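Work through the exercises below with the sequence and the 3D view side by side. Try each task before you read its solution.

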Amino acid sequence: MSLLQVRDLKVSFKTPDGVVNAVAGVSFDLKAGETLAIVGESGSGKSVSNLAYMGLLPTAKTTITGSVILKTDAGEVDLIGLPNEEMRKIRGKDIAMIFQDPMSALHPYYTIGDQLIEAHQVHNEVDKSVSRDRAIELLSLVGVADPAERLKAYPHQFSGGMRQRVMIAMALMNNPKVLIADEPTTALDVTVQAQILKLLSDLQKKFAMAVILITHDLGVVAGSADRVNVMYGGRLVESAEVNALYKKPMMPYTVGLLDSIPRMDQGHGKRLRAIPGQPPSLITLGQGCAFAARCDRKAELPDGTCDTNPELKAVESGHLVRCHLYDRKAASK
Amino acid sequence: MNGLLAYISRRLGLTLLILLAVSFTVYLIFALLPYDPASLTCGKSCNDPGIIEANRHRLGYDKPFFEQYWIFIVGLFAGRDFGEGAAALHCAAPSFGYSFQQHACVTDLIFDALPVTLSLAIGSLILWLIVGVGLGIVAARFRGKIWDTLSTAFVLVGTSLPTFLTGLMLIVFLVIKLDWSPFPAGGYTAPDEDIVGWFLSMVLPWVTLAFAYAAIYTRFVRSQIIEISTEDYIRTARAKGLSDGIILGKHTMRAALAPIVTMAGLDFAGLLGGAILTEAVFNLPGMGRLSLNAVVDIDLPVIVGTTIFAAAIVVIMNAILDIVYAFIDPRVRV
């Protein structure tokens with residue numbers, strides 16, 4: 001089976017305004033060594049779905065159901081409902097994470113060395129000097145010059161890109177099987193973005209790990225992902241191998257996303273296309289298709305079709321779509 | 001490390017300037033009061049203009065304002081003589097002036113009162129830090145649980161009960177109603193005379209003062225911890241797989257240290273100016289009572305002296321805190 005198997009994952013928050021169904025039944029597989037991009041706009045559930053099974057959401061007001069099976073050295077483990085003590089041993093060891101804003105993700109009062117060594121010590125009963133050597137090794141792997149000296153530096157003495165490199169080094173301290181990169185380049189300059197993505201893909205091969213790349217930037221996806229999951233309104237709406245998705249996007253939302261990227265071959269003076277309307281409120285989202293209100297191809301379907309939520313169906317081999325436009329096509333296949 | 005030294009010397013230079021400004025302002029305010037310091041020197045029934053003018057000259061109140069202030073500043077560093085010849089009164093440096101009403105140098109009055117206030121402030125600081133930080137951590141750790149609710153009740157009671165009421169209740173229930181009470185109802189015993197007596201005389205004042213502060217600190221520490229827990233670097237610590245205990249005890253508390261130290265330092269400095277209510281309730285001859293009596297008796301030199309002294313302590317403590325901050329927060333050492 002695959003390395004990580006997510007089945008019918010649902011995440012909801014209790015808020016004063018009502019229950020927010022941030023993730024409404026997401027299923028996907030992550031194979032060893034592959035890069036899976038999860039794409040969507042803010043509030044689509046792309047980050048929450050992954051923070052949820054990592055146990056990084058505040059527990060009191062969050063309900064998580066479904067199953068997330070991880071293949072570990074000790075066998076298969078369902079991460080949902082795992083006691084905190086058990087989950088703790090998986091976090092940072094089997095599954096590591098890097099986050100959006102490297103400026104705030106490192107503790108401002110501890111040196112880089114302290115923070116890297118700590119990440120190793122917590123999962124390995126070894127002498128501190130071993131962890132220190134490991135830290136130096138990883139810092140030089142991620143391209144920090146003079147790593148032994150830099151261990152003594154504090155985060156504020158690094159630039160944003162360098163801090164993200166340090167975060168990557170920290171995530172890789174324990175050779176994780178899965179690296180969840182939550183918008184790792186969003187807070188960085190464009191030139192630095194490219195360097196970080198290159199670094200991630202180099203290290204992925206070196207460490208033979210699977211990467212879940214959470215992003216809203218389809219440009220980032222094109223260069224580095226194997227498969228793409230598009231999320232909208234807490235649901236998976238399209239999933240395909242990366243080339244297939246770019247060549248033949250099916251769900252009108254994906255089409256809209258791709259159309260809204262500026263292109264070099266676009267005619268001069270032509271305006272960018274935007275998807276009209278706003279993302280739906282996850283509190284009032286009803287039974288129908290979440291995207292119906294903004295869909296420009298709704299008219300092609302008989303009235304009332306979009307009042308029911310379409311199923312996620314394989315329209316072509318390995319290309320899943322949640323859209324009524326493909327109902328017949330999928331059925332006839 | 002050079003950056004740190006430069007930072008410290010910069011900060012100390014600034015402190016001197018602030019002290020000068022503070023002392024000038026205080027001196028000016030009291031010079032503008034509608035009281036004639038010279039007539040106050042010979043009591044309310046005194047109306048002999050000869051004595052008044054002689055005292056005015058002796059105390060230097062016949063000189064222009066700026067010269068008076070200059071003499072005051074010089075006296076702080078070099079000591080000062082009041083009057084001339086055999087009748088001169090000498091106050092050694094640092095001279096804060098001379099109280100005719102109490103026939104004593106203001107500096108001596110302050111130095112008599114300071115150990116009392118220091119005893120009170122240090123003891124209660126230790127007590128309220130232990131209780132306040134401890135309860136704050138417990139409340140944040142068990143947020144929404146019974147411990148949190150209990151600490152909220154403590155905070156409510158502590159912040160709403162005035163210290164004079166807490167103090168009086170302690171005296172009534174632990175001293176008067178209790179036949180075997182080891183605590184005196186008030187008064188101060190110097191520690192070099194009787195260390196046990198000193199301790200016993202300070203316990204109730206410590207508890208009284210610490211009670212109010214501990215409540216404030218409980219609330220402060222709780223909210224600090226809860227706020228820091230939402231920081232990205234705490235999420236990073238969780239993502240590393242660290243245990244809740246290490247995250248709270250190491251990562252969160254390390255970040256909470258700076259604001260707690262700042263607040264404790266300023267509160268402590270403020271107390272050295274005198275805890276007026278607590279000192280009054282327990283009849284402690286500290287800075288608070290010295291100032292209070294000076295105000296009641298319109299003893300101007302003492303009011304000026306204690307005010308400038310208290311302000312100086314706050315300013316100096318601010319400087320110390322800024323320097324301590326450079327050790328706590330690596331980002332300050334630029």
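The exercises that follow concern a predicted model.

**Exercise 1. Describe chain A as a whole.**
Task: State which secondary structure chain A has, and how its radius of gyration compares with the globule rule.

Solution.
- Step 1: Count the elements. Chain A holds 12 helices and 12 strands.
- Step 2: Check the radius of gyration. The value is 21 Å, and the globule rule gives 20 Å for 333 residues, so chain A is as compact as a globular protein of that length.
- Step 3: Look at the extents. Along the principal axes, the C-alpha atoms of chain A fill a box of roughly 70 × 50 × 40 Å.
- Step 4: Look at burial. Of the 333 residues in chain A, 46% are buried.

**Exercise 2. Do the same for chain B.**
Task: Find how many helices and strands chain B has, and what share of its residues is buried.

Solution.
- Step 1: Chain B comes to 13 helices and four strands.
- Step 2: Its C-alpha trace spans about 85 × 60 × 35 Å along the principal axes.
- Step 3: Buried residues make up 35% of the 334 residues of chain B.
- Step 4: Now take the contacts in chain B with a separation of 6 or more. Residues 24 or more positions apart account for 64% of them.

**Exercise 3. Is helix α7 of chain A enclosed or open?**
Task: Decide whether α7(A) is enclosed by the rest of the structure or open.

Solution.
- Step 1: Locate the helix. α7 of chain A covers residues 160-171. From first C-alpha to last it reaches 16 Å, close to the 16 Å expected for its 12 residues.
- Step 2: Apply the burial cut-off. A residue is buried if 20 or more other C-beta atoms lie within 10 Å of its own.
- Step 3: Count. 11 of the 12 residues of α7(A) are buried, so the helix is largely enclosed by the rest of the structure. Among the buried ones are A:Arg163, A:Gln164 and A:Arg165.
- Step 4: Find the cover. It includes β6 (95-98), α5 (128-141), β7 (178-182) and α8 (190-207) of chain A.
- Step 5: Link the helix to the core. The largest nonpolar core has 101 residues. A:Met167, A:Ala169 and A:Ala171 are among those with the most contacts inside it. Leaving aside neighbours within four places in sequence, A:Ala171 is in contact with A:Ala96, A:Met97, A:Ile98, A:Pro176 and A:Leu179.
- Step 6: Look for a second core. Another one, of 63 residues, lies apart from the largest, with B:Val133 and B:Leu209 among its members.

**Exercise 4. Find the bend.**
Task: Compare the span of helix α8 of chain B with that of a straight helix, and say where the kink lies.

Solution.
- Step 1: α8(B) runs over residues 195-229, which is 35 residues.
- Step 2: A straight helix would reach 51 Å, but the end C-alpha atoms are only 44 Å apart.
- Step 3: Look for a kink. One of about 35° lies at B:Met202, shortly before the proline B:Pro205.

**Exercise 5. Buried or exposed?**
Task: Classify A:Val23 and B:Pro49.

Solution.
- Step 1: A:Val23 sits in strand β2 (residues 18-30) of chain A. It counts as buried because it has 30 C-beta neighbours inside 10 Å.
- Step 2: A:Val23 touches residues including A:Leu9, A:Val48 and A:Gly234.
- Step 3: B:Pro49 belongs to helix α3 (residues 49-59) of chain B. With 11 C-beta neighbours inside 10 Å, B:Pro49 counts as exposed.

**Exercise 6. Spot the unusual backbone.**
Task: Say which residues a cis peptide bond joins, and what phi A:Asn175 has.

Solution.
- Step 1: Recall the background. Most residues other than glycine have a negative phi, and most peptide bonds are trans.
- Step 2: The cis bond joins B:Ala93 and B:Pro94, with omega about -5°. B:Pro94 is in the loop between β2 (89-91) and β3 (98-99) of chain B.
- Step 3: A:Asn175 has a positive phi of about 50°. Its place is the loop between α7 and β7 of chain A, and A:Asn175 is exposed.

**Exercise 7. Where do the chains meet?**
Task: Find how many residues of chain A are in contact with chain B.

Solution.
- Step 1: 23 residues of chain A are in contact with 18 residues of chain B.
- Step 2: On the chain A side, α2 (84-90), α3 (102-105) and α4 (112-121) each give two or more residues.
- Step 3: That side divides into 12 nonpolar, five polar and six charged residues.

Conventions. Residues numbered from 1 in each chain as written. Chains lettered and ligands numbered in written order. Predicted model: local features only at pLDDT ≥ 70, side-chain atom pairs only at ≥ 80, totals over all residues. Core = buried A, V, L, I, M, F, W, Y, C linked by C-beta atoms within 7 Å. Contact = placed C-beta atoms within 7 Å. Expected span 1.5 Å × (residues − 1). Bend = angle between axes of the 7 residues up to and from the residue. Nonpolar A, V, L, I, M, F, W, Y, C, P; charged D, E, K, R; others polar. Rg over C-alpha atoms; globule rule 2.2 N^0.38 Å.
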